[in-house]
Amino acid sequence: MALLKVENLHKSFTEQNEILDGISFELNKGEVLVILGSSGCGKSTLLRAINGLESIQEGQIYFMNQLISDSNKTSRLIRQKIGMVFQSYDLFPHLTVMQNLLLGPLKVQKRNKDEAKEQAEKLLERIGLIDKKNAYPRELSGGQKQRVAIARALCMNPQLLLFDEVTAALDPEMVREVLDVIMDLAKEGKTMIIVTHQLDFAKAVADRVIFIDQGKILEDSKPEDFFNWPKSQRAKEFLQAFKFEK
């Protein structure tokens with residue numbers, strides 16, 4: 001049974017601007033799906049719709065075989081099992097790293113403080129930032145902030161992780177430290193949907209690649225097939241844009 005099922009999603013901001021145009025796909029537990037496409041094609045809107053941050057005009061989203069594309073209390077509770085990491089970190093600047101990590105488990109999930117703190121410290125150890133647990137976001141580099149944002153999402157024990165261009169705002173030398181954390185999560189069997197423009201990373205981490213253009217899925221295939229033998233002309237043009245010749 002699919003962990004996530006997206007059926008015929010439609011989203012428009014104006015009548016002439018359909019951002020999602022009949023998007024449908026399934027995601028199995030333990031699968032890593034990378035979504036590629038040019039800016040403005042609907043990738044980020046799709047992730048936000050899955051996580052309930054963006055409304056849709058038509059279609060359904062099922063998670064763990066339960067409908068979550070409406071706004072009732074049950075859907076909101078189920079969506080707590082979906083974690084999302086944004087490009088802009090979204091850490092609370094007035095809270096320390098540890099306070100940022102504990103906010104969701106304590107306030108939303110009402111968990112035991114000692115148990116949640118123990119988990120948070122283990123996650124900070126894992127990402128190499130235990131020495132920053134009492135630091136504030138302003139004292140961290142961009143790569144460190146993004147690793148904290150990933151740890152914060154993991155503190156909620158999600159069944160699905162969504163990553164929306166998490167390296168786009170980083171300097172090149174900081175990109176690798178963030179991508180290494182995500183690669184480790186993939187090796188552990190975490191279920192993830194990743195929006196990225198890092199094509200080498202996409203090749204390495206993906207079990208499947210979906211290519212979106214103008215709100216439609218043009219390709220859904222294994223990474224080796226997509227990168228070596230893209231079927232659509234638009235995908236060929238997209239990949240060619242990343243190649244340089246003397």
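Start with the lining of the largest cavity: its residues divide into 6 nonpolar, 2 polar and 1 charged. In this classification Ala, Val, Leu, Ile, Met, Phe, Trp, Tyr, Cys and Pro are nonpolar, Asp, Glu, Lys and Arg are charged, and the others, Gly among them, are polar. The model is predicted: local features need pLDDT of at least 70, side-chain atom pairs count only at pLDDT 80 or more, and totals for chains, interfaces and linings use all residues. Residues are numbered from 1 along each chain as its sequence is written, and side-chain values use heavy atoms, with hydrogens and water left out.

**Stop 1: the cavity**

Select Glu 165, Val 166, Thr 167, Leu 179, Ile 182, Ile 194, Val 195, Thr 196 and Phe 201, which line the largest cavity. Two elements, α6 and β8, give two or more residues to this lining. The volume of the largest cavity is about 40 Å³, and the count of cavities of 30 Å³ or more comes to 1. A cavity here is a set of points, on a 1 Å grid over the protein atoms alone, where a 1.4 Å probe fits but cannot get out; a pocket is an open set with protein on both sides within 12 Å along at least five of seven lines; lining residues have an atom within 4 Å of a point. Grid points are joined across faces, edges and corners, and a volume is the space filled by probe spheres set on the points. Helices (H or I, at least four residues) and strands (E, at least two) are DSSP runs, numbered from the N terminus.

**Stop 2: the second largest pocket**

Keep Leu 179 and Phe 201 selected, since they also appear in the lining of the second largest pocket. Add Arg 176, Asp 180, Met 183, Gln 198, Leu 199, Asp 200, Ala 204 and Phe 242 to complete that lining. Here α6 (172–187) and α7 (199–205) are the elements that give two or more residues. By class the lining has 6 nonpolar, 1 polar and 3 charged residues. The space in this pocket is about 150 Å³.

**Stop 3: the largest pocket**

Next, select Asn 51, Ile 82, Gly 83, Met 84 and Met 156, which lie nearest the centre of the largest pocket, among its 20 lining residues. The space there is about 630 Å³. Colour β6 (82–85), α3 (97–108) and α5 (142–154), each of which supplies at least two lining residues. The largest share, 5 residues, comes from α3. The lining holds 9 nonpolar, 6 polar and 5 charged residues.

**Stop 4: the sheet of six strands**

From β6, step across an open sheet of 6 strands in the order β6-β7-β8-β3-β9-β10, with mixed pairing. Two strands pair if DSSP finds at least two bridges between them. Strands β6 and β10 (216–221) are at the edges with a single partner strand each, so one side of each is left without a neighbour in the sheet. Neighbouring strands are turned by 20° against each other on average, direction ignored. Axes are lines fitted to C-alpha atoms, for helices over the stretch in contact, and angles run from 0 to 180 degrees between N-to-C directions.

Zoom in on β3 (residues 32–36) and β8 (residues 192–195), which pair in the parallel sense over 4 bridges. Ile 35 stands opposite Val 195 of β8, and Val 195 is also one of the residues lining the cavity.

Two helices are worth showing here. Helix α9 (residues 233–240) lies across β3, β9 and β10, at about 100° to β9. Helix α1 (residues 43–50) lies across β3, β6, β7 (160–164), β8 and β9 (208–213), at about 150° to β7. Contact means heavy atoms within 4.5 Å.

**Stop 5: the sheet of four strands**

Follow α1 to an open sheet of 4 strands, ordered β2-β1-β4-β5 with antiparallel pairing. Its edge strands, β2 and β5 (66–67), each pair on one side only. Helix α1 packs on this sheet, touching β1, β2 and β4, and its direction makes about 60° with that of β2.

Strand β1 (residues 4–14) runs antiparallel to β2, joined to it by 8 bridges; Ser 12 has Glu 18 as its bridge partner in β2. A hairpin of 2 residues connects β1 to β2. β1 also pairs with β4 (residues 58–63) in the antiparallel sense over 5 bridges, where Lys 5 is partnered by Tyr 62.

**Stop 6: a salt bridge between β2 and β10**

Finish by selecting Asp 21 and Lys 216, which form a salt bridge with the closest N and O atoms 2.8 Å apart. Asp 21 lies in β2 (residues 17–27) and Lys 216 in β10, so the pair ties together parts that are 195 residues apart in sequence. A salt bridge is a side-chain nitrogen of Lys or Arg within 4 Å of a carboxyl oxygen of Asp or Glu. The whole structure has 14 salt bridges.
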